[in-house]
Amino acid sequence: MSVPNSAQANSTGQSPPANNVFLTLLPITLAVFISFLSIGLPLPVLPLQVHTVLDMSTLVVGLVIGVQFAAALLSRAWAGNLADTQGSKHAMVLGLMVMCLSGLAYLASLSFVSTPTLSVWVLVIGRILLGCGESLIVTGALSWGIGLVGPKNAGKVMAWVGVAMYGAYAVGAPAGVTINAAYGFDGISLAVTLLPLLSLLMLVKVRAIAPTAQRRTPFYKVLKLVWGAGMGLLLCSVGFGSLTAFAALLFADRNWGNASLAFTAFGIAFIAARMFFGHLPDKLGGARVALLCVLIESVGLLLIWGAHTPAIAYVGATLTGWGYSLAFPGFGVEAVRRAPPESRGVAMGAYVAFLDISLGITGPALGAVAGTWGISAIYLVSAVVVCLSVLVALGLLRATPASAAA
């Protein structure tokens, strides 16, 4: 049976067979995919809802998008300690319930469209709840998965959870446009409410793992251990943030039509890279893989910046997705190698917190860039910032811990 094999592998330090890893992670991966549709569906719709329907500026759009990541950031320490002390399954289930509440807030915002400022504030409440739910789901899924298949498969866990997350973005974006065209933002909000409940059904029979800690681990102590890897994630995530927050406005500004294909191109490339090359961070070392991939991501962002046709922008989105795909587990493997096993949930929370910081800053900062120099300037600035993560990867290569070779 796969569960005993996984447990035995964990105790002996050997990796379970690849098929066991996949089958063990499958229910968690599906639950993450279904729940993250609640984030993917509104991606191309929410910026237009705020900018066009509620007549708010691009800066407000960035703030509404970014507040989700700020909320996720502030809840990471709590989510990580909850996973370590009460079990990662408990954390993930709670996250799904909180995500349902965010959909209800989206629905409530529609009652105040005639008062745009109030409607925006209700949307902000929904985004805060979504950020807290996402924090619990991601932290729980990562620590749960690593606990089931062992830390030597940490890269695979991050790869498959990432496939679920960004696959949901790829499928959710065009589906969101379709739902919005047929049922309006009401339909989007209802879907955001119901999808996490479906995810709960996927987790009922999955074996919970015992809590790994008896007491809370100070967040700052683990933060010091994953600081370098986290900075790499922070910098390279700017490209992802610029695409999700402003691609719809870029396409609208240039009269290119539906921006959902850009999200789809990003998502397909992201998934393909994870499926075919997701084993490389575990095999070759996370920093080596991240070094190459952030360069690919930067080229993609430069293509979007210089694009004169939507086709070139789609190619840019594809390269951005391909590069970012393996940068996340690349830096993540370095974070896992530097953290003690009993603090794995907090370590995952601390690592992903750098993603929250990145996306929380990216929205308003790049919104201000767009207001001053135009929408396209966002992607030039993003490419420069992503290139800085090359320096982080080089630093991690020079400081690879002894455990990495074990």
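**Close-up views of a predicted model**

**View 1. After helix H3 comes Asp 55, a residue with a positive phi near 60°.** The model shown here and in the views that follow is predicted. Which residues of helix H3, spanning residues 46–53, are buried? They are Leu 46, Pro 47, Gln 49 and Val 50. When one looks down the axis of H3, these buried residues fall within an arc of 170°, so they line one face of the helix.

**View 2. Asn 255 sits in the loop that joins helix H8 (219–253) to helix H9 (260–277).** The phi of Asn 255 is near 55°, which is a positive value in a residue other than glycine. Most residues other than glycine have a negative phi. Is Asn 255 buried or exposed? With a relative accessibility of 72%, Asn 255 counts as exposed.

**View 3. Phe 251 and Trp 256 form an edge-to-face aromatic pair, one of the 11 aromatic pairs counted in the model.** Phe 22 and Trp 160 likewise form an edge-to-face aromatic pair, in which the ring centres are 5.3 Å apart and the planes stand at 65° to each other. The Phe 22 and Trp 160 pair links distant parts of the chain, since Phe 22 belongs to helix H2 and Trp 160 to helix H7 (residues 154–203), with the two positions 138 residues apart in sequence. Phe 22 counts as partly exposed at 33% relative accessibility, and Trp 160 counts as partly exposed at 24%. In the pair made by Phe 251 and Trp 256, the centres are 5.3 Å apart and the planes meet at 80°. Here Phe 251 is buried, with a relative accessible area of 2%, and Trp 256 is buried as well, with a value of 15%.

**View 4. Ring pairs join Phe 240, Phe 266, Phe 270 and Tyr 324 into a cluster.** Which residues does this cluster contain besides Phe 240 and Tyr 324? Phe 266 and Phe 270 are the remaining members, linked to the others through ring pairs.

**View 5. A nonpolar patch of about 310 Å² lies on the surface and is made by Phe 22, Leu 23, Leu 26 and Leu 30.** Leu 26 has its place in helix H2, which covers residues 18–40. At 31% relative accessibility, Leu 26 counts as partly exposed. Phe 22, another residue of the patch, is also the partner of Trp 160 in an aromatic pair.

**View 6. Arg 76 and Glu 134 meet in a salt bridge, one of 3 that the structure holds.** The distance between the side chains of Arg 76 and Glu 134 is 2.9 Å, taken from N to O. Arg 76 lies in helix H4 (residues 58–86) and Glu 134 in helix H6 (residues 116–149), so that this pair, 58 residues apart, links distant parts of the chain. How accessible are the two partners, buried or exposed? Arg 76 is buried, with a relative accessible area of 0%, and Glu 134 is buried, with a relative accessible area of 6%.

**View 7. Asp 282 forms a salt bridge with Lys 156, and the closest N and O atoms are 3.9 Å apart.** Because Asp 282 lies in helix H10 (residues 280–284) and Lys 156 in helix H7, the pair ties together parts that are 126 residues apart in sequence. Asp 282 is buried, its relative accessible area being 18%, whereas Lys 156 is partly exposed, with a value of 23%.

**View 8. The side chains of Glu 334 and Arg 337 meet in a salt bridge of 3.8 Å, N to O.** Glu 334 and Arg 337 are 3 residues apart in helix H12 (residues 310–337), and therefore about one helical turn separates them. Glu 334 counts as buried at 2% relative accessibility, while Arg 337 counts as partly exposed at 23%.

**View 9. Cys 100 and Cys 132 are shown together to ask about a possible disulfide.** How many disulfides does the model contain? The count comes to 0. The cysteine sulfur closest to that of Cys 100 belongs to Cys 132 and lies 14 Å away, which is too far for a bond, given that a disulfide needs the two sulfur atoms within 2.5 Å. Seen from the other side, the sulfur of Cys 132 has its closest cysteine sulfur in Cys 100, at 14 Å, again too far for a bond. Cys 100 is buried, with a relative accessible area of 9%.

How values were computed: Residues numbered from 1 in each chain as written. Predicted model: local features only at pLDDT ≥ 70, side-chain atom pairs only at ≥ 80, totals over all residues. Heavy atoms only, no water. Buried < 20%, exposed > 50% of the residue type's maximum accessible area, 1.4 Å probe, protein only. Helix = DSSP H or I, 4+ residues; strand = E, 2+ residues; numbered from the N terminus. Arc of directions from axis to C-beta. Patch = residues over 30% accessible without salt bridge, like charges linked within 9 Å, V, L, I, M, F, W, Y side chains within 5 Å. Areas by Shrake-Rupley, 256 points an atom, 1.4 Å probe, with all protein chains shown as cover. Salt bridge = Lys/Arg side-chain N within 4 Å of Asp/Glu carboxyl O. Phe/Tyr/Trp six-rings, centres within 6.5 Å; stacked < 30°, edge-to-face > 60°.
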